[in-house]
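Colleague: I would like to learn how to read the packing and the pockets in a model like this one. Where should I begin?

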Amino acid sequence: DERGNDLLDDWREGHLHLRPRRRRHALLRRLREGDIVSMDFGVELEGYFGDAALTVPVGTIAPEREKLLRVTRESLDRAIEQVKPGNHWNDPHDVTVKVLTEGLVQLGLLQGEVDKLIETGAYRDFYMHRAGHWIGMDVHDVSVNFDGNYLPGMTFTIEPALTIPDERVYVRLEDPLFITATGVEHVTKTLPMEIADIEAVMRKK
């Protein structure tokens, strides 16, 4: 309606978490066809917390935005493959860094050898945080400086993202995972993650 359809319009302020209410008025503008909106959800049920994120288009996603979303989705899928008992908790992050850096080079947003760009941290202008965090008794649960391998029963999120500062664009996908004896169970298995599925949902009245 006329009172809705506002979003954060300052990537420096809004790309990770919403700032205090007293500053929100400076960060809003009207949504336009072709925009994308990243939504990060923290939820609670009977004392346990979850965390998930989606990026959705306003109308039909623009081609250049679709490319960013596809790169981010590929990094999510590849990282989740690393979440299983016996693998180090840092393995998914390393995978997201490699896939996102390769995508940034393919899209012309970075120039150079992928390995060198990773070594120098050049990707950090576009990918500014870790690939995930623990969940359970809090949205960002305590890890107690954990530096080991995944074990069955752990709950963890994978959340690759890309920020394009010059275009005020932020893309994030976050999937909370329950680690089983053989792999993972997707807590948000019913959320639409594929672009076609997201567009179908957005077209519904």
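Modeller: We will go through the nonpolar core, the aromatic pairs and one pocket. Keep in mind that this is a predicted model.

Colleague: What is the general idea behind a nonpolar core, and which residues have the most contacts inside the largest one here?

Modeller: In soluble globular proteins, nonpolar side chains tend to be found buried together. In this model the largest nonpolar core holds 37 residues, and Ile158 and Leu162 have the most contacts inside it. Helix H2, residues 63–80, gives the most to this core, with six residues.

Colleague: What is isoleucine 158 in contact with, leaving aside its neighbours within four places in sequence?

Modeller: The list includes Leu76, Ala79, Ile80 and Val83. Pro92, Ala131 and Gly132 are also among the contacts of isoleucine 158, as are Leu173, Glu174, Asp175 and Leu177.

Colleague: Now the aromatic rings. How many aromatic pairs does a search of the whole structure find?

Modeller: Three. In one pair, tyrosine 123 and tyrosine 127, the ring centres are 6.5 Å apart and the planes are at 45 degrees, so the pair is tilted.

Colleague: Are tyrosine 123 and tyrosine 127 buried or exposed?

Modeller: Buried means under 20% relative accessible area. Tyrosine 123 has 8% relative accessibility, so it counts as buried. Tyrosine 127 is buried too, with a relative accessible area of 2%.

Colleague: What about tryptophan 134 and phenylalanine 156?

Modeller: Their rings form an edge-to-face pair, 4.7 Å centre to centre with 75 degrees between the planes. Tryptophan 134 lies in the loop between helix H4 (114–120) and strand S5 (155–158), while phenylalanine 156 is in strand S5, so the pair ties together parts that are 22 residues apart in sequence. Tryptophan 134 is buried at 12% relative accessibility, and phenylalanine 156 is buried at 2% relative accessible area. Together with Tyr150, these residues form one aromatic cluster.

Colleague: How does one find a pocket, and what is the volume of the second largest one?

Modeller: Rolling a probe the size of a water molecule over the atoms shows where empty space is left. The second largest pocket has a volume of about 310 Å³. It is lined by 16 residues, of which Phe49, Gly50, Ile135, Pro176 and Val187 are the closest to its centre.

Colleague: Which elements give two or more residues to that lining?

Modeller: Strands S3 (36–45), S4 (48–57), S8 (175–179) and S9 (184–186) do. S4 provides the largest share, five residues. By type, the lining divides into nine nonpolar, five polar and two charged residues.

Methods. Residues are numbered from 1 along each chain as its sequence is written. This is a predicted model: local features need pLDDT of at least 70, side-chain atom pairs count only at pLDDT 80 or more; totals for chains, interfaces and linings use all residues. Side-chain values use heavy atoms; hydrogens and water are left out. A nonpolar core is a set of buried Ala, Val, Leu, Ile, Met, Phe, Trp, Tyr and Cys residues joined through side-chain atoms within 4.5 Å. Buried means under 20% relative accessible area, exposed over 50%, partly exposed in between (1.4 Å probe, protein chains only). Helices (H or I, at least four residues) and strands (E, at least two) are DSSP runs, numbered from the N terminus. Contact means heavy atoms within 4.5 Å. Rings of Phe, Tyr and Trp (its six-membered ring) pair if their centres lie within 6.5 Å; planes under 30 degrees apart count as stacked, over 60 as edge-to-face and the rest as tilted. On a 1 Å grid over the protein atoms alone, a cavity is a set of points where a 1.4 Å probe fits but cannot get out, and a pocket is an open set with protein on both sides within 12 Å along at least five of seven lines; lining residues have an atom within 4 Å of a point. Grid points are joined across faces, edges and corners, and a volume is the space filled by probe spheres set on the points. Ala, Val, Leu, Ile, Met, Phe, Trp, Tyr, Cys and Pro count as nonpolar, Asp, Glu, Lys and Arg as charged, and the others, Gly among them, as polar.
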